[in-house]
Amino acid sequence: MENDIERKAEELLAAVGTELSKSREKYADAVLEGEKIPLFAEEKHRKSYRKISLRRMLILAAVLIILMGLFVTSVTGVREKVLNLFSQKGEVSTELSSLENRQFEGQVPEIEPGYLPEGYELVSESNEGFLFSKLYVANERENIYLSVQESESFSVSVDNETTKQELTRVNVYQAQLFYRDGESYIVWQVGDYIIDIAGTVPKEEMMKIAESVCLAE
Amino acid sequence: MSTDARNKVAELIEQKYSRLIQHIAQEILKDACLTEDVYQEVLMKFILFHEDKFEMPPREMKNYLCAAARNTALTMAKKNGRIISAEQEEIDSRVLNMDLLDMEAFHDRYGFGPEVQELLAALDNKDKDILCLKYGEGYEDREIAEITGLSESAVRKRIYRAKLQMQTILLNHERGENDGE
């Protein structure tokens, strides 16, 4: 049954790829013949984007007013400071590293897991400025994918019917954990960055990995 | 590749495909100079990386150029600060025109149903580029990474996610059908 679904999914992806390729050839032919075919679909959401932008501007304005008008550090302010720290628990002491004092030169911070289940090896790593990622693989089919990106550009969709979810904590941060048989995904925010880890590991292992994440040396 | 061969490729693209590259770049950048820069960059990359594909079939060439021109133009827009933040967000999230996609073919040729619509809705433009180049043209992940401006691992991650999404959609449909029986 599972293999059947995998095979069917592969067939469907291949069909989508093939038909997309044909449609792009049609698009290219039409453009080369001088037709004015729009590259993008009709904008159905233009209004909502403007609303979002406006809302963001209002929030930004509100934050600026608060920052300029208040000299007393609020409780929220203190929490924000604490939440900009990476904590790394050692045998004797817990190391705290601040994101604010680091210079990332226009790139997201590079992180690494302090703990991984046995057999996993780093097979790829990339930093594209807005997204830093690492892929660890064991036995060819098992993998752990870790990424950091700016919270503004983060978006992900998880199926509610096949995946269980729970609210948890990664050290001091609130985190969302999704899991199903032998697979799990966890996501949390540190300052302006979203960290997420997906892998073919049970949720208990995923929690251990997440709690061990620290800034790369 | 010899200088003669390079000149031939440049000439071929100029004669046959310049309008396509410029049309795509202009729609994104709305600037003649930057559009010309995109054209030159796409041309240069093609010559540098695809000397083995000099006699590429026309469909493959068009697909390559569509993806390369759009992704190069988007990268250039970001680099040049050409598009301010709100517009950038808008252009990044705009869905590619799918009017020319033959939806009936999925049913008639491959026997698939409404799950195709769900998959297409779940994919973003880069995912579609990747599927098109991988399954439509048989490109390697490394080649796709170079065309789309992603890293090789990001390409693999997107393919993996698309497969997971597809399996979830198919499972949901099967469960729905079983519940209906």
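Here is a short tour of this predicted model, one selection at a time.

**Stop 1: chain A, by confidence.** Start by colouring chain A by pLDDT. Its mean is 75, and 69% of the residues in chain A reach 70 or more. Now pick out two helices. Helix H4 (residues 203-212) of chain A has the highest mean pLDDT among that chain's elements, at 93, while helix H3 (residues 75-82) of chain A has the lowest, at 37.

Next, select residues 45-54 of chain A. The pLDDT stays under 50 here, and the model has 5 contacts for this stretch beyond four places in sequence. Then try residues 68-83 of chain A, where pLDDT is also below 50; this stretch has 7 contacts beyond near neighbours in sequence. Go easy on these spots: where pLDDT is low, the predicted coordinates shouldn't be read in detail.

**Stop 2: aromatic pairs.** How many aromatic pairs does a search of the whole structure find? There are 3 over all chains. For one of them, show B:Phe46 and B:Tyr64: this pair is edge-to-face, with 5.3 Å centre to centre and 75° between the planes. B:Phe46 sits in helix H2 (residues 32-49) of chain B and B:Tyr64 in helix H3 (residues 58-79) of chain B, so the pair ties together parts 18 residues apart in sequence. B:Phe46 is buried, at 1% relative accessibility, and B:Tyr64 is buried at 1% too.

**Stop 3: another pair.** Select B:Phe106 and B:Tyr110. Their ring centres are 6.2 Å apart and their planes are at 35°, so this pair counts as tilted. Buried or partly exposed: which is B:Tyr110? At 29% relative accessibility, B:Tyr110 is partly exposed, whereas B:Phe106, at 1%, is buried.

Conventions
Residues numbered from 1 in each chain as written. Chains lettered and ligands numbered in written order. Predicted model: local features only at pLDDT ≥ 70, side-chain atom pairs only at ≥ 80, totals over all residues. Heavy atoms only, no water. pLDDT = per-residue confidence, 0-100. Helix = DSSP H or I, 4+ residues; strand = E, 2+ residues; numbered from the N terminus. Contact = heavy atoms within 4.5 Å. Phe/Tyr/Trp six-rings, centres within 6.5 Å; stacked < 30°, edge-to-face > 60°. Buried < 20%, exposed > 50% of the residue type's maximum accessible area, 1.4 Å probe, protein only.
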